Amino acid sequence: MLTVRPATEKDYPAIVHWNETKGEDYLFQWAGFTTYTHPLTADQIARQAGKDGVHLYLALDGDTPIGAGEICDINKGAKTGRICRLIFAEEAKNKGFGEQFLQELSRIAFTEMGLVSLSLRVYCFNANAIRCYEKVGFRVSEFFSETDPHWNNYSMELKKV
(Lines give C-alpha, C1' and ligand atoms only; values in the text may rest on other atoms or scores of the structure.)
Protein backbone atom coordinates (compact mmCIF):
# COMPACT_ATOMS: atom_id res chain seq x y z
CA MET A 1 0.00 0.00 0.00
CA LEU A 2 1.29 3.44 -0.91
CA THR A 3 1.87 5.97 1.83
CA VAL A 4 3.01 9.56 1.45
CA ARG A 5 4.91 11.68 3.94
CA PRO A 6 7.10 14.77 3.88
CA ALA A 7 10.63 13.87 2.79
CA THR A 8 13.56 14.38 5.13
CA GLU A 9 17.31 14.57 4.56
CA LYS A 10 17.63 10.83 5.24
CA ASP A 11 15.46 10.25 2.13
CA TYR A 12 17.67 12.18 -0.30
CA PRO A 13 20.11 9.30 -0.96
CA ALA A 14 17.22 7.22 -2.36
CA ILE A 15 16.39 9.97 -4.86
CA VAL A 16 20.06 10.20 -5.83
CA HIS A 17 20.18 6.41 -6.22
CA TRP A 18 17.24 6.44 -8.68
CA ASN A 19 19.41 8.65 -10.91
CA GLU A 20 22.84 7.03 -10.50
CA THR A 21 22.77 4.97 -13.69
CA LYS A 22 20.85 7.57 -15.69
CA GLY A 23 22.11 10.34 -17.92
CA GLU A 24 21.57 14.05 -17.98
CA ASP A 25 18.48 13.80 -20.22
CA TYR A 26 16.75 11.62 -17.61
CA LEU A 27 17.42 14.22 -14.93
CA PHE A 28 16.04 16.95 -17.21
CA GLN A 29 12.97 14.82 -17.96
CA TRP A 30 11.78 14.66 -14.37
CA ALA A 31 13.37 17.77 -12.87
CA GLY A 32 13.54 20.29 -15.69
CA PHE A 33 16.61 22.17 -16.89
CA THR A 34 17.16 24.66 -14.09
CA THR A 35 16.85 22.98 -10.70
CA TYR A 36 19.56 20.31 -10.66
CA THR A 37 22.78 19.54 -12.50
CA HIS A 38 24.03 16.11 -13.48
CA PRO A 39 25.12 14.14 -11.56
CA LEU A 40 22.45 14.67 -8.92
CA THR A 41 23.62 14.93 -5.30
CA ALA A 42 21.91 14.95 -1.93
CA ASP A 43 23.21 18.51 -1.41
CA GLN A 44 21.32 19.68 -4.50
CA ILE A 45 18.12 18.08 -3.22
CA ALA A 46 18.65 19.63 0.22
CA ARG A 47 19.06 23.10 -1.33
CA GLN A 48 15.87 22.70 -3.38
CA ALA A 49 13.86 21.21 -0.52
CA GLY A 50 15.00 24.03 1.77
CA LYS A 51 13.62 26.76 -0.45
CA ASP A 52 10.65 28.71 0.84
CA GLY A 53 7.42 27.30 -0.58
CA VAL A 54 8.85 23.94 -1.64
CA HIS A 55 7.14 20.93 -0.06
CA LEU A 56 8.96 17.69 -0.93
CA TYR A 57 7.07 14.44 -0.36
CA LEU A 58 8.15 10.83 -0.45
CA ALA A 59 6.04 7.91 -1.70
CA LEU A 60 6.59 4.61 0.08
CA ASP A 61 5.53 1.05 -0.64
CA GLY A 62 5.48 -0.31 2.89
CA ASP A 63 8.76 1.00 4.32
CA THR A 64 10.50 1.23 0.93
CA PRO A 65 10.88 4.67 -0.69
CA ILE A 66 9.68 4.40 -4.29
CA GLY A 67 9.01 7.98 -5.42
CA ALA A 68 9.27 11.66 -4.65
CA GLY A 69 7.60 14.86 -5.77
CA GLU A 70 7.01 18.47 -4.82
CA ILE A 71 4.14 20.82 -4.29
CA CYS A 72 5.65 24.23 -5.00
CA ASP A 73 5.12 27.67 -6.52
CA ILE A 74 2.17 28.26 -4.23
CA ASN A 75 0.27 31.51 -4.78
CA LYS A 76 -1.78 31.96 -1.60
CA GLY A 77 -3.83 34.81 -3.06
CA ALA A 78 -4.88 32.86 -6.14
CA LYS A 79 -4.87 29.56 -4.20
CA THR A 80 -2.81 27.87 -6.90
CA GLY A 81 0.27 25.67 -6.87
CA ARG A 82 2.31 23.32 -9.00
CA ILE A 83 3.29 19.69 -8.86
CA CYS A 84 6.99 19.55 -9.71
CA ARG A 85 9.90 17.16 -9.96
CA LEU A 86 8.12 13.80 -9.83
CA ILE A 87 10.36 10.74 -9.91
CA PHE A 88 9.90 7.03 -9.27
CA ALA A 89 12.31 4.17 -8.81
CA GLU A 90 12.44 1.97 -11.93
CA GLU A 91 11.01 -1.02 -10.05
CA ALA A 92 7.96 1.04 -9.00
CA LYS A 93 7.00 2.26 -12.48
CA ASN A 94 3.87 1.04 -14.30
CA LYS A 95 2.28 -0.33 -11.13
CA GLY A 96 -0.24 2.44 -10.43
CA PHE A 97 1.88 4.14 -7.78
CA GLY A 98 2.18 7.36 -9.79
CA GLU A 99 -1.59 7.77 -9.92
CA GLN A 100 -1.93 7.07 -6.18
CA PHE A 101 0.90 9.49 -5.37
CA LEU A 102 -0.64 12.28 -7.48
CA GLN A 103 -4.05 11.71 -5.92
CA GLU A 104 -2.51 12.09 -2.47
CA LEU A 105 -0.46 15.17 -3.41
CA SER A 106 -3.64 16.70 -4.86
CA ARG A 107 -5.56 15.89 -1.67
CA ILE A 108 -2.82 17.56 0.42
CA ALA A 109 -2.80 20.62 -1.84
CA PHE A 110 -6.59 21.01 -1.88
CA THR A 111 -7.54 20.05 1.68
CA GLU A 112 -4.48 20.83 3.79
CA MET A 113 -3.07 23.79 1.84
CA GLY A 114 -6.42 25.21 0.73
CA LEU A 115 -5.52 25.41 -2.95
CA VAL A 116 -8.15 25.34 -5.68
CA SER A 117 -5.96 24.66 -8.72
CA LEU A 118 -2.80 22.67 -9.43
CA SER A 119 -0.69 22.68 -12.57
CA LEU A 120 2.29 20.72 -13.81
CA ARG A 121 4.51 20.56 -16.88
CA VAL A 122 5.23 17.41 -18.83
CA TYR A 123 7.27 16.74 -21.95
CA CYS A 124 5.12 15.72 -24.92
CA PHE A 125 7.15 12.54 -25.46
CA ASN A 126 6.34 11.27 -21.96
CA ALA A 127 3.13 9.46 -22.92
CA ASN A 128 3.06 7.27 -19.79
CA ALA A 129 3.19 10.30 -17.50
CA ILE A 130 0.53 12.13 -19.52
CA ARG A 131 -1.83 9.13 -19.23
CA CYS A 132 -1.18 8.97 -15.49
CA TYR A 133 -1.91 12.68 -15.05
CA GLU A 134 -5.09 12.39 -17.10
CA LYS A 135 -6.30 9.48 -14.92
CA VAL A 136 -6.02 11.77 -11.90
CA GLY A 137 -7.98 14.49 -13.72
CA PHE A 138 -5.26 16.80 -15.05
CA ARG A 139 -6.05 18.27 -18.48
CA VAL A 140 -3.76 19.91 -21.01
CA SER A 141 -4.15 23.68 -20.76
CA GLU A 142 -1.22 24.97 -22.81
CA PHE A 143 1.46 23.82 -25.26
CA PHE A 144 5.04 25.10 -25.17
CA SER A 145 7.25 24.84 -28.25
CA GLU A 146 10.97 24.69 -27.50
CA THR A 147 13.99 25.35 -29.72
CA ASP A 148 14.69 21.61 -29.64
CA PRO A 149 11.29 20.01 -30.42
CA HIS A 150 12.23 16.98 -28.33
CA TRP A 151 11.61 19.14 -25.25
CA ASN A 152 8.21 20.52 -26.35
CA ASN A 153 5.90 20.31 -23.36
CA TYR A 154 2.40 20.73 -22.04
CA SER A 155 1.08 22.53 -19.02
CA MET A 156 -1.67 20.47 -17.41
CA GLU A 157 -4.15 21.66 -14.81
CA LEU A 158 -6.36 20.10 -12.16
CA LYS A 159 -9.09 22.08 -10.42
CA LYS A 160 -10.54 21.26 -7.02
CA VAL A 161 -13.95 19.66 -7.36
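**Figure 1. Salt bridge between lysine 22 and glutamate 90.** In this predicted model, the side chains of lysine 22 and glutamate 90 meet in a salt bridge, with 2.8 Å from N to O. Lysine 22 belongs to the loop between helix H1 (12–17) and H2, whereas glutamate 90 belongs to the loop between E4 and H4, so the pair ties together parts that are 68 residues apart in sequence. Lysine 22 counts as partly exposed, at 22% relative accessibility, and glutamate 90 is likewise partly exposed, with a relative accessible area of 42%. The contact belongs to a network of salt bridges in which Lys22, Glu90 and Lys93 are linked. Lysine 22 also lies over the face of tyrosine 26, at 4.8 Å from the ring centre.

**Figure 2. Salt bridges of arginine 5 with aspartate 11 and of arginine 107 with glutamate 112.** The structure has a count of 8 salt bridges. In one view, the side chains of arginine 5 and aspartate 11 meet at 2.8 Å, N to O; arginine 5 is partly exposed at 25% relative accessibility, while aspartate 11 is buried, with a relative accessible area of 4%. In the other view, the side chains of glutamate 112 and arginine 107 meet at 2.9 Å, N to O. Here glutamate 112 counts as exposed at 55% relative accessibility, and arginine 107 is partly exposed, with a relative accessible area of 35%.

**Figure 3. Edge-to-face pair of phenylalanine 33 and tyrosine 123.** The structure holds 11 aromatic pairs. In the pair shown, the ring centres of phenylalanine 33 and tyrosine 123 are 6.4 Å apart and the planes stand at 85°, so the arrangement is edge-to-face. Since phenylalanine 33 lies in the loop between helix H2 (24–31) and helix H3 (42–49), and tyrosine 123 in strand E5 (residues 117–123), the pair ties together parts that are 90 residues apart in sequence. Phenylalanine 33 is partly exposed, with a relative accessible area of 42%, whereas tyrosine 123 is buried, with a relative accessible area of 10%. Both rings belong to one aromatic cluster, formed by Phe28, Phe33, Tyr123, Phe125 and Trp151.

**Figure 4. Edge-to-face pair of phenylalanine 88 and phenylalanine 101, and the charge over phenylalanine 144.** Following the pair of phenylalanine 33 and tyrosine 123, in which tyrosine 123 is buried, this view turns to phenylalanine 88 and phenylalanine 101, whose rings form an edge-to-face aromatic pair at 5.7 Å centre to centre and 90° between the planes. Phenylalanine 88 lies in strand E4 (residues 80–88) and phenylalanine 101 in helix H4 (residues 97–112), so this pair ties together parts that are 13 residues apart in sequence. Both phenylalanine 88 and phenylalanine 101 are buried. A further aromatic ring, that of phenylalanine 144, has the charged end of arginine 121 sitting over it, 3.6 Å from the ring centre.

**Figure 5. The buried face of helix H5.** In helix H5 (residues 127–136), the residues Ala129, Ile130, Cys132, Tyr133 and Val136 are buried. Seen down the helix axis, the buried residues of H5 fall within an arc of 160°, so they line one face of the helix. These buried residues pack against E4, H4, E5 and strand E7 (153–159). Just after H5, glycine 137 takes a positive phi of about 120°.

**Figure 6. The largest nonpolar core and a second, separate core.** The largest nonpolar core has 28 residues, and those with the most contacts inside it are Ile83, Phe101, Leu102, Tyr133 and Phe138. Strand E2 (55–61), strand E3 (64–75), E4, H4, E5, H5 and E7 each supply at least two residues of this core, and its largest share, 7 residues, comes from H4. Leaving aside residues up to four places away in sequence, isoleucine 83 touches Glu70, Ile71, Leu102, Leu105, Leu118, Ser119, Leu120 and Phe138. A second, separate core of 19 residues includes Ala49, Leu58, Leu60 and Ile87.

How values were computed. Residues numbered from 1 in each chain as written. Predicted model: local features only at pLDDT ≥ 70, side-chain atom pairs only at ≥ 80, totals over all residues. Heavy atoms only, no water. Phe/Tyr/Trp six-rings, centres within 6.5 Å; stacked < 30°, edge-to-face > 60°. Helix = DSSP H or I, 4+ residues; strand = E, 2+ residues; numbered from the N terminus. Buried < 20%, exposed > 50% of the residue type's maximum accessible area, 1.4 Å probe, protein only. Lys NZ or Arg CZ within 6 Å of the ring centre and 35° of its normal. Arc of directions from axis to C-beta. Contact = heavy atoms within 4.5 Å. Core = buried A, V, L, I, M, F, W, Y, C linked by side-chain atoms within 4.5 Å. Salt bridge = Lys/Arg side-chain N within 4 Å of Asp/Glu carboxyl O.
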